[in-house]
Amino acid sequence: MADSARDTLSLARTAAGAVRSLNHATLGGEGLAQPADAYELIGELSQAAAGLPQLLAQVGRWLAAALAAGRLGCDDGADPAGAVSGAWLFLSDARNTAAALARDLDQDQQQLAAVHGGPFGEQAEEGAL
């Protein structure tokens with residue numbers, strides 16, 4: 001749980017770092033040993049993506065409330081309402097995209113449910129006969 005803005009930003013940096021680390025861990029396939037590993041990894045990513053729409057909505061609500069309370073400004077002295085409105089549109093699009101990502105990852109995991117590391121070489125050929 002984040003108790004401050006600093007904690008919240010630290011959690012976001014941790015999430016971004018985890019994705020970078022996963023990219024490195026799976027580069028070349030060494031970070032996965034069995035299909036079950038891919039299944040579980042995809043499932044965890046699906047859960048992470050499923051939480052993004054709520055997070056992005058909450059950020060959007062915070063921006064709207066801060067704007068309404070007069071706590072926002074722009075560096076160039078312009079009214080921040082236009083920038084917040086534009087950000088809201090992109091946040092809305094990102095929420096929909098994240099929800100679609102979560103659904104796609106869930107479907108991907110469903111496809112992998114029956115996949116296993118099978119016999120290789122002669123054993124596989126014998127089983128095919």
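Just after helix 1, glycine 28 adopts a positive phi of about 80°. I open with that residue, and I should say at once that the model under discussion is predicted.

Helix 1 itself covers residues 5-26. How far apart should its ends be? At 1.5 Å a residue, the 22 residues of helix 1 should span 32 Å, and the end C-alpha atoms are indeed 32 Å apart, so the two values agree.

Let me turn to the pairing of helix 2 with helix 3. Two packed helices are described by the angle between their axes and by the distance between those axes. Here helix 2 comprises residues 35-68 and helix 3 comprises residues 81-112. Their packing angle is about 165°, and their axes lie 8 Å apart. An angle over 145 degrees counts as roughly antiparallel, and helix 2 and helix 3 are therefore roughly antiparallel to each other. The crossing of helix 2 past helix 3 is left-handed. As for the composition of this contact, its residues divide into 24 nonpolar, four polar and four charged.

Two residues of helix 2 deserve individual attention. The first to consider is serine 46, which lies in helix 2. Is serine 46 buried or exposed? Its relative accessibility is 9%, and because buried means under 20%, serine 46 counts as buried. The side chain of serine 46 reaches the backbone oxygen of alanine 102, at a distance of 3.2 Å.

The other residue is glycine 51, also placed in helix 2. With a relative accessibility of 34%, glycine 51 counts as partly exposed. Along the chain, glycine 51 and arginine 95 are 44 residues apart, while their C-alpha atoms are separated by 9.6 Å.

I come now to the loop between helix 2 and helix 3, where aspartate 76 is located. Why does aspartate 76 count as exposed? Its relative accessibility is 66%, and exposed means over 50%, so the assignment follows. Which backbone atom lies 2.9 Å from a polar atom of the aspartate 76 side chain? That atom is the backbone nitrogen of alanine 78. With respect to alanine 16, aspartate 76 is 60 residues away along the chain, and the C-alpha atoms of the two residues are separated by 30 Å.

To conclude, I would return to the helix pair. Helix 2 and helix 3 pack at about 165°, with a left-handed crossing. Within helix 2, serine 46 is buried and glycine 51 is partly exposed, whereas aspartate 76, in the loop that follows helix 2, is exposed.

Technical notes: Residues numbered from 1 in each chain as written. Predicted model: local features only at pLDDT ≥ 70, side-chain atom pairs only at ≥ 80, totals over all residues. Heavy atoms only, no water. Helix = DSSP H or I, 4+ residues; strand = E, 2+ residues; numbered from the N terminus. Expected span 1.5 Å × (residues − 1). Axes fitted to C-alpha atoms, helices over the stretch in contact; angles between N-to-C directions. Parallel < 35°, antiparallel > 145°, perpendicular 65-115°, else oblique. Left-handed = near helix turned anticlockwise from the far one by under 90°. Nonpolar A, V, L, I, M, F, W, Y, C, P; charged D, E, K, R; others polar. Buried < 20%, exposed > 50% of the residue type's maximum accessible area, 1.4 Å probe, protein only. Polar contact = N/O pair within 3.5 Å; in protein donor to acceptor, adjacent residues only side chain to side chain.
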